[in-house]
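Let's take a walk through this one together, with the ligand as our starting point and the strands as our way out from there. Have the structure open and turn it as you read.

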Amino acid sequence: MTQITTIDKIGEFVGQMVTLRGWLYNKRSSGKVRFLLIRDGTGIIQSVVVKNEVTPESFSATDILTLESSLEVRGKVRADARAPGGHELQVSDLRIIQVAEEYPISPKEHGPSFLLDHRHLWLRSSRQHAILRIRSHLIQEAQSYLNREGFILFDAPILTPTSCEGTSTLFETDYFYDEKAYLSQSGQLYAEAGAMAFGKVYTLGPTFRAEKSKTRRHLTEFWMLEPEVAFAELKDILSLAEELITHLVHSVLTHRREELKVLDRDLTKLQSVVQPFPRITYEEALDILRQKGISHQWGDDFGAAEDTVISEQFDRPVMITHYPLQTKAFYMKSDPLRPELALCVDVLAPEGYGELIGGSQREDDYDKLLERLAQHKLPRESFEWYLDLRRYGSVPHSGFGLGIERTIGWICGIKHLREAIPFPRLLQRIYP
Ligand code: 4AD
Ligand code: MG
């Protein structure tokens, strides 16, 4: 029996016999030698099969192996600086598990629609593999960061009785006994209950927006990380947002550098992400737009075009605060000094990658919140529980939502968010 191992650990076995299990990524032959590139999910290794060193069965197996066939190989690990990954396997045994049918994805260019139809297979390609390894790292690292800072993971429901971010983007479904339920747009309202119970919490999970926009920055199902902090004011969560983003970028730079290389990401652009981030108000952002010859009406929210122009002025994420209250969600607290403004923040990624974070201080006054619900024509009955949070020990509190795919898209330097999640849900796509 030889040790079964994985390619990422192969360096521990130089000079020893190991067994690897995986799939054929590529092959070439030269006379009596076959070079098999085998991937096992943790990496890729070149395996060399020499005619006289294996059984005739093993050698002829190399000829019927097609791309993505599954196999098991046993052999001796050799350090070889020229080999991809620095190691090579000198094969002594090869066993086919399944010979794959002709693989639909080839190195030639495929259109996005073909690739999305084959997303379940496309995931195996090196680029997609790199992005999704970064995704996994980023989500874990964000959680470890918040855990270290004393936050509690607090799961919010997906099926909800109300909207959080406006009624125009709700996915509705039938619930029992003639009731309606909606897929959650944000865990925030529940996170607020969590913050009143635990002080510092975060939710992490899928959120849904029935947005009829076909942009490269919108998914109908996306993941959000939402910290919520009791006794925190706007300035406190600006600091948290800045620290979290900086931490995530540098963690990916440190631990997922190989993947960033596969993606050809310009590392200098990520290295310049250091604190402090520029902080400007909505009105200062209007000035920037004006200087660039773009006239924008006070009171209107910024769209993708405005976000891009503003973010391009900075080499790191920019935090824009104090938007007009009228453009923002019902729960945001108005600025006591200028009640027409919200105590809120949007964090825009550099290089035009769009909004990473939306957050705010929350309206903690019972009467004002009631007024805001009425202004937004939201049914009071459905929000009684939320109003309770203002009846029983209300305190100033704040939080934000970090879009996981937006953050991945920016860090990886990919233009379309559909590659930042294993199975993207888009306006015109729910398959596979
Ligand atoms: O700005 P949003 O809508 O904020 C909220 O939902 C708040 N309730 C969050 C909170 O305060 N706890 O969304 C937050 C972030 C955006 O900045 C963006 O990164 C991402 O979620 N996002 C989307 N990502 C992909 N596709 C979409 N359709 C998105 N909509 C928002
Ligand atoms: Mg927003």
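Which strand supplies the largest share of the shell around ligand 1? It's E16, with five residues. Before going further, keep in mind that what you're looking at is a predicted model.

Now zoom in on the ligand itself. Ligand 1 sits in the largest pocket, and 24 residues surround it. The closest of these are Glu165, Gln188, Arg209, Glu226 and Glu355. Sort the shell by class and you get an even split: eight nonpolar, eight polar and eight charged residues.

Nitrogen atoms of the ligand are a good place to look for polar contacts. Glutamate 165 has a polar side-chain atom 2.7 Å from a nitrogen atom of ligand 1. For glutamate 211, a polar side-chain atom lies 3.0 Å from a nitrogen atom of the ligand, and for tyrosine 331 that kind of distance is 3.2 Å. As for how covered the ligand is, on its own ligand 1 would expose 630 Å², and the protein buries 94% of that.

Back to the strands, then. E16 (355–361) isn't on its own here: strand E12 (221–230) and strand E17 (397–403) also each supply at least two residues of the shell. Where do these three strands belong? Follow them outwards and you'll find an open sheet of eight strands, in the order E7-E11-E12-E17-E16-E15-E14-E13, with mixed pairing. At the edges are strand E7 (152–153) and strand E13 (279–281), each of which pairs on one side only.

One pairing in this sheet is worth tracing by eye. Strand E11 (residues 200–208) runs antiparallel to E12, and nine bridges link the two. Along the way, proline 206 stands opposite tryptophan 223 in E12. As you trace, remember a general point: in a regular strand, side chains alternate between the two faces of the sheet.

Finally, have a look at another group of strands, E8, E9 and E10. Strand E8 (residues 159–160) is joined to strand E10 (residues 180–183) by two bridges, and the pair runs antiparallel; here threonine 160 faces tyrosine 182 in E10. Strand E9 (residues 172–174) is also antiparallel to E10, with three bridges between them. Aspartate 174 has lysine 180 in E10 as its bridge partner. What do E9 and E10 form? They make a hairpin, with five residues between the two strands. In that turn, tyrosine 177 has a positive phi of about 50°.

Terms used
Residues are numbered from 1 along each chain as its sequence is written. Chains are lettered from A and ligands numbered from 1 in the order in which they are written. This is a predicted model: local features need pLDDT of at least 70, side-chain atom pairs count only at pLDDT 80 or more; totals for chains, interfaces and linings use all residues. Side-chain values use heavy atoms; hydrogens and water are left out. A residue is near a molecule or strand if one of its heavy atoms lies within 4 Å of it. A polar contact is a pair of N or O atoms within 3.5 Å; within protein, one must be able to donate a hydrogen and the other to accept it, and residues adjacent in sequence count only if both atoms are side-chain atoms. Accessible areas come from the Shrake-Rupley method with a 1.4 Å probe; for residues, only the protein chains shown count as cover. On a 1 Å grid over the protein atoms alone, a cavity is a set of points where a 1.4 Å probe fits but cannot get out, and a pocket is an open set with protein on both sides within 12 Å along at least five of seven lines; lining residues have an atom within 4 Å of a point. A molecule sits in a cavity or pocket if more than half of its atoms lie within 2 Å of its grid points. Helices (H or I, at least four residues) and strands (E, at least two) are DSSP runs, numbered from the N terminus. Ala, Val, Leu, Ile, Met, Phe, Trp, Tyr, Cys and Pro count as nonpolar, Asp, Glu, Lys and Arg as charged, and the others, Gly among them, as polar. Two strands pair if DSSP finds at least two bridges between them.
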